[in-house]
There are 2 protein chains.
Amino acid sequence: MAIERRPLRDQIREELLKRLDRGDFAAGTDVNEAALAAELGVSRTPLREALITLAGERILESNQGRGFRFAPVSRQEFREVCSILAALESLALESSDPAHLKRIAPDLLQLAHGFPDPVAEQQIIDRHDDEWHDLLLSGCTNERLLDLVTGVKAGMRRYAHLAVADDAPLRRDADEHAAIARHLLDGDLPAAVVALKTNWANGAERMLARIPEE
Amino acid sequence: MAIERRPLRDQIREELLKRLDRGDFAAGTDVNEAALAAELGVSRTPLREALITLAGERILESNQGRGFRFAPVSRQEFREVCSILAALESLALESSDPAHLKRIAPDLLQLAHGFPDPVAEQQIIDRHDDEWHDLLLSGCTNERLLDLVTGVKAGMRRYAHLAVADDAPLRRDADEHAAIARHLLDGDLPAAVVALKTNWANGAERMLARIPEE
DNA sequence: GCTATGAATTCTGTATACAAAATACTTCAG
DNA sequence: CTGAAGTATTTTGTATACAGAATTCATAGC
């Protein structure tokens, strides 16, 4: 048994994010601290600390006297966050070592079309996409930027479970990823950045198309 | 007496940020929770909640068993954060209503050279700069983006008090702000964005030049 | 039957308590 | 005098306690 040498608040935060991925929490619903703490087998103190962290990531909202609730979702917010991530990843790409980008380009190309199991669970598929973007940013030395990207992406987890499965958008994403990789292979960083921004814009709309109204 | 209808953690956070501006906390030093809580006249519980929020903003670091400490500063991190803010403000500008930008351009121009008292305290001067940038972004409808900018800027407060007073850089900043405003007046948004990025890059170096080594 | 009022309950926000980890201090061997 | 070992102290991380705000439920008046 690996004894956890990490604050409970961090472990709780991770567990809550995992449950968020599974769609356990509906957007807009209140958090009952006592009930959730009991369910997790911890006291309210570290739970509240985790909730405050999640509120800082805009996954939760807090209202005086009314506690925490899961932040409502909206197509507008999703687009907003995607445009932020497009800008941040573009900056990360622009401030990466061109030689390193050229070196990882083949891996990016291969990973783009190396689908996971086509009938895999949504979580697996999303992780595959994350993996690709992580590799893309692996040469960025701006620690604060990578940190920020991670934080902003965490908030996107509220949307993952809302989407219905669909293969076509995944293939388009793979194509766009491959295009970015090829630009990097050519050493054409500006083109890669443009393609990345396009990918985020298209990816946002494809994702939204997979989310039913209301 | 205005009775505060806001969680203590928020009030504590603000008080700590104010003290940070005053340079009360040296980077890298530990936070003694009990002592600080006593000084603020609150218990450790809301204090810790504020500390956790500040850790989320990268103003503090936390280590298991060792509590919180003020995050170390470095020229590299300062440049990293400035480049992030350049990208985020550029995005905000690009996603603003051009008509609104043209409308506020005269105000931006006037505010650029309307110095505060030349011998004013550093805090006043910094606030003047913030005011200009806030006005610049006032037409941005991307709420999440504005939120993110605010959060990232909060972390920059760790650097404000390290700089020695100097008029020349302020004048250059004013010139660059005026240049941005004129581009907006011309309706040339791309040029304004380029000028804004230049302003952030130059501004970062000017600020660093005002910070003594070690 | 519906609204308003008030009591009862639930829940949050803050304070306090306590155990374990980390740090500081003391003592002793070499 | 230096370093190690063991003890005392401090400090954190988590649990519990408690007061007050928010909500719910019941009752009374129209």
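The exercises below work through a predicted model, from its DNA contacts to a pocket, its aromatic pairs and one asparagine.

**Exercise 1. The surface near DNA strand D**

Task: Describe the protein residues around DNA strand D, by position, class and secondary structure.

Solution.
- Step 1. Start with the residues. There are 20 around DNA strand D. Those that come nearest are A:Leu8, A:Ser43, A:Thr45, B:Val31 and B:Arg48.
- Step 2. Turn to the DNA side. Of the strand D atoms within 4 Å of the protein, 68% belong to sugar and phosphate.
- Step 3. Sort the residues by class. The surface holds 5 nonpolar, 8 polar and 7 charged residues.
- Step 4. Assign elements. Helix H3 (44-56) of chain A and helix H3 (44-56) of chain B each supply at least two residues. The largest share, 3 residues, comes from H3(A).

**Exercise 2. Phosphate contacts**

Task: Find which atoms of A:Leu8, A:Ser43 and A:Arg66 face phosphate oxygens of DNA strand D, and give the distances.

Solution.
- Step 1. Take A:Leu8. Here a polar backbone atom is 2.6 Å from a phosphate oxygen of strand D.
- Step 2. Take A:Ser43. This residue uses a polar side-chain atom, and the distance to a phosphate oxygen is 2.6 Å.
- Step 3. Take A:Arg66. A side-chain N or O atom lies 3.5 Å from a phosphate oxygen.
- Step 4. Test against the cut-off. A polar contact needs N or O atoms within 3.5 Å. The A:Arg66 pair, at 3.5 Å, is listed with that contact.

**Exercise 3. The second largest pocket**

Task: Characterise the second largest pocket by volume, lining and contributing helices.

Solution.
- Step 1. Volume. The pocket contains about 370 Å³ of space.
- Step 2. Lining. It is formed by 20 residues. Nearest the pocket centre lie A:Ser83, A:Ala86, A:Ala87, A:Lys197 and B:Leu91.
- Step 3. Helices. Chain A gives at least two residues from each of helix H4 (75-94) and helix H9 (189-209), and chain B gives at least two from helix H4 (75-94). H4(A) contributes the most, with 8 residues.
- Step 4. Classes. The lining divides into 10 nonpolar, 4 polar and 6 charged residues.

**Exercise 4. Phenylalanine pairs**

Task: Classify the geometry of the Phe25 and Phe70 pair in chain A, then in chain B.

Solution.
- Step 1. Count. Over all chains there are 4 aromatic pairs.
- Step 2. Classify chain A. The ring centres of A:Phe25 and A:Phe70 are 4.5 Å apart and the planes meet at 15°, so the pair is stacked.
- Step 3. Place the partners. A:Phe25 sits in the loop between helix H1 (8-21) and helix H2 (33-40) of chain A, and A:Phe70 in strand S2 (residues 67-70) of chain A. They are 45 residues apart, so the pair links distant parts of the chain.
- Step 4. Check burial. The cut-off for buried is under 20% relative accessible area. A:Phe25 is buried at 14%. A:Phe70 is buried at 6%.
- Step 5. Move to chain B. B:Phe25 and B:Phe70 are stacked, with 4.4 Å centre to centre and 15° between the planes.
- Step 6. Check burial there. B:Phe25 is buried at 14%. B:Phe70 is buried at 6%.

**Exercise 5. A:Asn142**

Task: Is A:Asn142 buried or exposed, and which backbone atoms does its side chain reach?

Solution.
- Step 1. Location. A:Asn142 lies in the loop between helix H6 (122-136) and helix H7 (143-160) of chain A.
- Step 2. Burial. Its relative accessible area is 6%, so A:Asn142 is buried.
- Step 3. Contact in chain A. A polar side-chain atom of A:Asn142 is 2.9 Å from the backbone nitrogen of A:Leu145.
- Step 4. Contact with chain B. The A:Asn142 side chain also reaches the backbone oxygen of B:Glu80, at 3.4 Å.

Technical notes
Residues are numbered from 1 along each chain as its sequence is written. Chains are lettered from A and ligands numbered from 1 in the order in which they are written. This is a predicted model: local features need pLDDT of at least 70, side-chain atom pairs count only at pLDDT 80 or more; totals for chains, interfaces and linings use all residues. Side-chain values use heavy atoms; hydrogens and water are left out. A residue is near a molecule or strand if one of its heavy atoms lies within 4 Å of it. A polar contact is a pair of N or O atoms within 3.5 Å; within protein, one must be able to donate a hydrogen and the other to accept it, and residues adjacent in sequence count only if both atoms are side-chain atoms. Helices (H or I, at least four residues) and strands (E, at least two) are DSSP runs, numbered from the N terminus. Ala, Val, Leu, Ile, Met, Phe, Trp, Tyr, Cys and Pro count as nonpolar, Asp, Glu, Lys and Arg as charged, and the others, Gly among them, as polar. On a 1 Å grid over the protein atoms alone, a cavity is a set of points where a 1.4 Å probe fits but cannot get out, and a pocket is an open set with protein on both sides within 12 Å along at least five of seven lines; lining residues have an atom within 4 Å of a point. Grid points are joined across faces, edges and corners, and a volume is the space filled by probe spheres set on the points. Rings of Phe, Tyr and Trp (its six-membered ring) pair if their centres lie within 6.5 Å; planes under 30 degrees apart count as stacked, over 60 as edge-to-face and the rest as tilted. Buried means under 20% relative accessible area, exposed over 50%, partly exposed in between (1.4 Å probe, protein chains only).
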